[in-house]
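Let's take a walk through this model together, starting from a single residue and working outwards. Keep the viewer open as you read.

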Amino acid sequence: MRKIQDRLFIHLLLILGAIITIFPFFWMVSTSLKTHTESLLIPPKWFPTSFVFSNYLEAFSQVAFPRYFLNTMIITVATLIGVLGTSCLSAYAFAHLKFPGRNLLFVSLLSLMMIPQPIYLVPSYIILSKLHWIDTYYGLIVPWTVNIFSIFLLRQHFKTIPKDLYDAAIIDGCGHFGFLWRVVIPLSRAPLITVSLFSIIASWNSFLWPLIVTNSDAMRPIQVGLAYFAQEQGSFWPLLMAASTFAILPLIIVYFFAQRQIIESFSRTGLKD
Amino acid sequence: MVISLLYYIIMKKVYPLLYLLPALLIIVLFRLFPMVFSFCISLTDYGLGGFRKFVVLQNYSKLLCEPKFWQSFLNTIYYVLGVVPLGLFIALFFALLLNQRIKALGLYRTIYFLPVITSLVAISIVWKWIFNPRIGLANYFLGLLGIPKCLWLEEWSGIFQILLSPLGIKLPPLLAGPSIALCAIILMSIWHGLGYNVIIFLAGLQNIPKHYYEAAKIDGAGTWHSFWYVTWPLLSPTTFFVLLMTTITSFQMFIQVYMMEGPTGGNPLGTTRVLVYYLYEKGFAEWQMGYATALAFVLFVIILCLTLVQRQILARRIHYQ
């Protein structure tokens, strides 16, 4: 009998935690569907009396959200391609090619991971302005097409691929690049998915960097556009909530389909941003 | 002979470089060089008009004399001390509950992890709405509990001062503690990071072999004893990792302050200005880039020292299996 009570108590606590976790999301969507006057009511109405979907349209018409979306999509996809390309190539070099100073170089790269991002802000900004890359896609994308952690992750996996496979590939007339492309990459699905998910989430949510390197409305990604919208809009909460919902939604959809891979990626590698 | 030597050189020395070239190029240009460059800028008065003259260590000495710097330093420390231990214990608590071989584990995990992947910008707007001093939900709930309303993100008085004022105690400003505004940001940040820590703890808990618990049970250990003598010591590598990661990321907190206290108002008496936000203000609103990089270096040194100290202290207390 005690056991059942214990179980119930555990579930009760967990459900309470889940409610607290979900609640802000619920409140966001609920407010986004209210009229302005209804959103100001005290005591608050938990559910809108009638769903006002026009808030979403209005938020879209007030600022260039479609443009922000397009920018974020371009940045996310280009960064992903860049990260996958550079990581695969250099991870392969660190795992399977022999050259002097290999380990030293690898360790130095890893120690670069320790450096906090704020250090880079000012000097990178100055470098970008010398390159005339401020307020361009180059400035938003190129600096993030290398991720040292991804190199590390892939290298660890590439090392587990046996040398015999390489010898067999050589006999079949494969070079290093053919071996990487035809054997190593198809055998590395799991770490490649992990690297891709991290890259997508990071680019979609990145804020401080695009805030600094963009200054025209046409170049802003969704997060920066949303921040400016919030500053201008002030207190028209249903509109703000509609815009926030929009900025969150695409990743929630990705999460919905790939939640197992996402959670396992995070828990296996213990990485955050 | 020459051809084979050339072939040898190309295959051994140059060929690997081709694989590394794209990555190294970007790392040198956007990681390594900026770091060296950054230190040089911090020794100049680099501003809107570019480089004018070397001021050597003046930026640093100016920094250390500036009350605003010390205030943002203190705010950052408050924030870290609020988010890290509290977030850690709440996460451990939920991870322990989830580890009880319960039903619907996957569902709980999915829900708890949800905030981690959502954008801090959007979610900060939502919390700003919840903390709205006039019509926000936070005040509505306080009202239900019979507690007087609070200004939340606009309230500058320290939390210790507020807690002690019914006793008639007046604290000096330095001991008044983090402002209610900062506490609200701490609360929201714990909410946002909880799922990540829960997942890491859960992975750590599932790595502890079951037979240790069975052995403890045979020796007559209850729930508390088996936690304190089995779980806690064997979990210590995970705890250490979570501690280190949350400390490092907390020191770099920026988005919450930018969005909730913002460039257009809020930030009551500067009590929510944290170091990175101060850096942003100096570098990209006032364009004092020399000063801002000096600030970035101070932040870097703090994080580096903390990492080393934590490693030193905790390394002796960690039990690897």
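Does A:Ala247 count as buried or exposed, and how many C-beta neighbours does it have inside 10 Å? Keep in mind that this is a predicted model. A:Ala247 has 28 C-beta neighbours inside 10 Å, so it counts as buried; the cut-off for that label is 20 or more.

Where does this alanine sit? Look for it in helix α14 of chain A, which covers residues 237-269. Once you set aside the neighbours within four places in sequence, its contacts come from both chains: A:Ile222, A:Gln223 and A:Leu226 on one hand, and B:Ser119, B:Val121 and B:Ala122 on the other. For a sense of distance, try A:Ile193: it is 54 residues away from A:Ala247 in sequence, and the two C-alpha atoms are 23 Å apart.

Now zoom out to the whole of chain A. Its secondary structure is 14 helices and zero strands, so don't go hunting for a sheet. Chain A has a radius of gyration of 24 Å, while the globule rule gives 19 Å for 273 residues, so the chain is more spread out than a compact globule. Along the principal axes, the C-alpha trace spans about 75 × 70 × 35 Å. As for burial, 40% of the 273 residues in chain A count as buried. Take the contacts in chain A with a separation of 6 or more, and 75% of them turn out to join residues 24 or more positions apart.

Those chain B contacts of A:Ala247 lead us on to the interface. Here 67 residues of chain B are in contact with 66 residues of chain A. On the chain B side, helix α1 (residues 2-42) gives the most, with 16 residues. Sort that side by class and you get 52 nonpolar, 11 polar and four charged residues.

While you're in chain B, have a look at a couple of backbone angles. B:Val56 isn't a glycine, yet its phi is positive, at about 50 degrees. You'll find B:Val56 in the loop between α1 and α2 (58-65). It has 10 other C-beta atoms within 10 Å, which makes it exposed.

B:Trp152 also has a positive phi, near 50 degrees, and is likewise a residue other than glycine. This tryptophan lies in the loop between α6 (137-144) and α7 (159-164) of chain B. With 24 other C-beta atoms within 10 Å, B:Trp152 is buried, whereas B:Val56 is exposed.

Key: Residues are numbered from 1 along each chain as its sequence is written. Chains are lettered from A and ligands numbered from 1 in the order in which they are written. This is a predicted model: local features need pLDDT of at least 70, side-chain atom pairs count only at pLDDT 80 or more; totals for chains, interfaces and linings use all residues. Helices (H or I, at least four residues) and strands (E, at least two) are DSSP runs, numbered from the N terminus. The radius of gyration is taken over C-alpha atoms; the globule rule is 2.2 Å times the number of residues to the power 0.38. A residue is buried if 20 or more other C-beta atoms lie within 10 Å of its own, exposed if 12 or fewer, and partly exposed in between; C-beta atoms are placed from the backbone. Two residues are in contact if their C-beta atoms, placed from the backbone, lie within 7 Å. Ala, Val, Leu, Ile, Met, Phe, Trp, Tyr, Cys and Pro count as nonpolar, Asp, Glu, Lys and Arg as charged, and the others, Gly among them, as polar.
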